[in-house]
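User: I would like to discuss the side-chain interactions of this protein in a series of questions. Please reason briefly and end each reply on the item requested.

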Amino acid sequence: MLSYIFKDMGETRFLKNCTFLMAILTLLSSFLLNHVMASVYTVGDQEEWSSQTNYASWAERYNFSQGDVLVFKYVKGQHNVYEVTEDTFRSCDASSGGVLAKYESGEDQVALSEVKRHWFICNIAGHCLGGMRFGIEVKDGNSVTNSTDVAFNPPIEPTPSHNSCTCYYVSERWRVIENFIPLGLLLLLNYYF
């Protein structure tokens with residue numbers, strides 16, 4: 001009878017150990033599957049990270065999930081990649097802060113480790129304003145996403161501050177044109193009458 005009890009206890013212990021090992025293997029395999037299923041995206045596809053690409057339409061083609069990787073390929077020194085806040089994205093002005101990360105190698109890999117909106121710009125003078133910027137929304141890898149909801153690239157025209165050269169140049173140019181409008185109307189009226 002005692003041998004039967006010890007034999008039964010041994011089988012119970014064996015079953016408990018098997019259940020524990022199966023639970024560990026299940027967790028490990030789900031963890032590995034999440035990382036194996038992560039996608040790697042070359043930003044801009046064949047055009048890479050350059051000033052000739054429409055990044056808003058590029059980003060709209062993909063559903064980005066936590067764990068995915070963005071690869072920015074470009075000629076080092078001609079471009080760079082800054083991950084920025086939404087305000088910095090909208091203004092294209094990284095000098096006032098709002099820079100979360102800087103990448104300048106020409107072969108930058110950015111892991112999308114957080115479920116949130118990510119904003120990227122090129123901080124070389126004029127490139128961001130010229131279109132080298134985009135925003136994406138990274139979803140949880142287990143959720144189903146709608147492709148129209150993923151990319152977030154509103155058409156944004158940054159407004160320069162009143163102290164900037166651009167604003168001064170535009171307002172001076174307008175002042176010159178404004179001065180000629182009455183003269184032009186007067187000449188036009190004299191010509192027809």
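User: Which residue forms a salt bridge with D45?

Analyst: In this predicted model, the closest N and O atoms of the pair are 2.6 Å apart, which is inside the 4 Å limit for a salt bridge. D45 counts as partly exposed because its relative accessibility is 21%. The partner counts as exposed, at 52% relative accessibility. The residue that pairs with D45 is R61.

User: Which parts of the protein does the pair of D45 and R61 tie together, and how many residues apart are they in sequence?

Analyst: D45 lies in the loop between strand 1 (40-42) and helix 2. R61 lies in the loop between helix 2 and strand 2. The salt bridge therefore ties together these two loops, and the parts are apart in sequence by 16 residues.

User: Which side chain is joined to that of D45 by a polar contact of 3.2 Å?

Analyst: The residue in question is found in helix 2. Its C-alpha lies 8.0 Å from that of D45, with the two residues 13 apart in sequence. The side chain that makes the polar contact of 3.2 Å with D45 is that of W58.

User: Is W58 buried or exposed?

Analyst: Leaving out residues up to four places away in sequence, W58 touches Y41, T42, V43, G44, D45, F64, L70 and F134. Its relative accessibility is 1%, and the limit for burial is under 20%. W58 therefore counts as buried.

User: What is the geometry of the aromatic pair that W58 and F134 form?

Analyst: The count of aromatic pairs comes to 14. For W58 and F134, the ring centres are 5.6 Å apart and the angle between the planes is 75 degrees. Planes over 60 degrees apart fall in one class, so the geometry of this pair is edge-to-face.

User: Why does the pair of W58 and F134 tie together separate parts of the protein, and how many residues apart in sequence are they?

Analyst: W58 lies in helix 2, whereas F134 lies in strand 7 (residues 133-137). F134 counts as buried, at 0% relative accessibility. The pair ties together a helix and a strand because its members belong to these two elements, and the parts are apart in sequence by 76 residues.

User: Which residues do ring pairs link into a cluster?

Analyst: W58 and F134 form an aromatic pair, and both belong to the cluster. The ring pairs link residues into a cluster whose members are Y41, W49, Y55, W58, Y62, F64, F72, F120 and F134.

User: Which residue lies over the face of F89?

Analyst: The contact here is between a charge and a ring, with a distance of 5.1 Å from the ring centre. That value falls within the 6 Å limit for a charge over a ring. The residue over the face of F89 is R133.

User: Which residues are linked in a network of salt bridges?

Analyst: The count of salt bridges comes to four. R117 forms one with E137, with the closest N and O atoms 3.4 Å apart; R117 is in strand 6 (residues 117-121) and E137 in strand 7, 20 residues apart. The side chains of K139 and E137 meet in another, at 3.5 Å from N to O. The network therefore consists of R117, E137 and K139.

User: Is E137 buried or exposed?

Analyst: The limit for burial is under 20% relative accessible area. R117 lies above that limit and is partly exposed, because its value is 35%. K139 counts as buried at 16%. With 17% relative accessibility, E137 likewise counts as buried.

User: How far from D68 is the nearest side chain of opposite charge?

Analyst: D68 is placed in the loop between helix 2 (55-60) and strand 2 (69-73). It is buried yet has no salt bridge. The nearest side chain of opposite charge is that of K139, and its distance from D68 is 13 Å.

User: Which backbone nitrogen lies 2.8 Å from a polar atom of the side chain of D68?

Analyst: Apart from neighbours within four places in sequence, D68 is in contact with A38, S39, Y41, N63, V110, A111 and L112. The side chain of D68 also has a polar atom 2.8 Å from a backbone nitrogen. That nitrogen belongs to S65.

Technical notes:
Residues numbered from 1 in each chain as written. Predicted model: local features only at pLDDT ≥ 70, side-chain atom pairs only at ≥ 80, totals over all residues. Heavy atoms only, no water. Helix = DSSP H or I, 4+ residues; strand = E, 2+ residues; numbered from the N terminus. Buried < 20%, exposed > 50% of the residue type's maximum accessible area, 1.4 Å probe, protein only. Lys, Arg positive; Asp, Glu negative; His and termini not counted. Polar contact = N/O pair within 3.5 Å; in protein donor to acceptor, adjacent residues only side chain to side chain. Contact = heavy atoms within 4.5 Å. Phe/Tyr/Trp six-rings, centres within 6.5 Å; stacked < 30°, edge-to-face > 60°. Lys NZ or Arg CZ within 6 Å of the ring centre and 35° of its normal.
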